[in-house]
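Thanks for sharing this one. Here are my notes on its side-chain contacts, set out as numbered points to read alongside the coordinates.

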Amino acid sequence: MHKRMLIQAATALVALQFLAVPAFAAGSSGGSDQTVTQCKKGEVWDKKKKKCVAPQEGMLDDDSIYDAGHSLALAGRYDEAIAVLSLAANKQDPRILNYLGYSHRHSGRVTVGLGYYEEALRIDPNYTLVREYLGEAHLQIGDLAGAQQQLMEIEKRTGKGSREYGMLSEQIDHFMRS
């Protein structure tokens, strides 16, 4: 029964990920979606050069790296996102850590993802998007209490009206019904 619940939770999380993409994409920085729409695999959009380039360490600023990694992750191109995000000069940027966690988690490396989320929260405990994703990861491994703890932490920081609270609350409800 426990295995069935884990499979159902994972299936629900994958389905919900596709529903969440438009909301994240709408809040992304300009130019980041060009990595997904215009660049071939292994390339990212360089805002300064206004063309696709092969990413190399020190070649792009961290904001461009974040934008490209964020877009690749949300497009389901997790290994590419990890490769790009790993080029960031600031290895302690919570945004970078968050999408490294997201990409590893969605690639099936949930434990690795958990580590990135925890590191991002160590740096910025108020980063509620990390808390939402961390709650999803807890559900993936069947840890309802861990997910509920993250929901309480989001509520303390932003209240029940935030997008992050609503998304995680909905996933917890679905997990409990299945």
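**Notes on side-chain contacts**

1. Let me start with Glu-80, which has a relative accessible area of 14% and therefore counts as buried. Please keep in mind that this is a predicted model. The partner of Glu-80 is Arg-77: the two form a salt bridge, and their closest N and O atoms are 2.9 Å apart.

2. That bridge belongs to a wider set, as the structure holds 10 salt bridges. The general idea will be familiar: side chains of opposite charge can pair when their charged atoms come close.

3. Next, have a look at Asp-63 and Arg-95, whose side chains meet in a salt bridge with an N to O distance of 2.9 Å. This pair links distant parts of the chain, with Asp-63 in helix α3 (residues 62-74) and Arg-95 in helix α5 (residues 94-106), 32 residues apart. Asp-63 has 42% relative accessibility, so it is classed as partly exposed. Arg-95 is also partly exposed, because its relative accessible area is 25%, and the limits for that class are 20% and 50%.

4. Another pair to check is Arg-163 with Glu-164, a salt bridge in which the closest N and O atoms are 3.7 Å apart. Here Arg-163 is partly exposed at 31% relative accessibility, whereas Glu-164 is buried at 14%. Elsewhere, salt bridges that share partners join Asp-63, Asp-93 and Arg-95 into one network.

5. Arg-95 deserves a second look, since it also meets a ring. Which ring does Arg-95 lie over? The residue is Tyr-66: Arg-95 lies over its face, at 4.4 Å from the ring centre. Arg-95 thus appears both in the salt bridge with Asp-63 and over the ring of Tyr-66.

6. Tyr-66 leads on to the aromatic side chains. The structure holds six aromatic pairs. One of them is Tyr-117 with Tyr-133: the ring centres are 6.3 Å apart and the planes are at 40°, so the pair counts as tilted. Planes under 30 degrees apart would be stacked and those over 60 edge-to-face, so 40° falls in between. Tyr-117 lies in helix α6 (residues 110-123) and Tyr-133 in helix α7 (residues 128-140), so this contact ties together parts that are 16 residues apart in sequence. Both Tyr-117 and Tyr-133 are buried.

7. Finally, Tyr-117 and Tyr-133 belong to one aromatic cluster, together with Tyr-66, Tyr-78, Tyr-99 and Tyr-102. Tyr-66, the ring under Arg-95, is therefore part of that cluster as well.

Terms used. Residues numbered from 1 in each chain as written. Predicted model: local features only at pLDDT ≥ 70, side-chain atom pairs only at ≥ 80, totals over all residues. Heavy atoms only, no water. Phe/Tyr/Trp six-rings, centres within 6.5 Å; stacked < 30°, edge-to-face > 60°. Helix = DSSP H or I, 4+ residues; strand = E, 2+ residues; numbered from the N terminus. Buried < 20%, exposed > 50% of the residue type's maximum accessible area, 1.4 Å probe, protein only. Lys NZ or Arg CZ within 6 Å of the ring centre and 35° of its normal. Salt bridge = Lys/Arg side-chain N within 4 Å of Asp/Glu carboxyl O.
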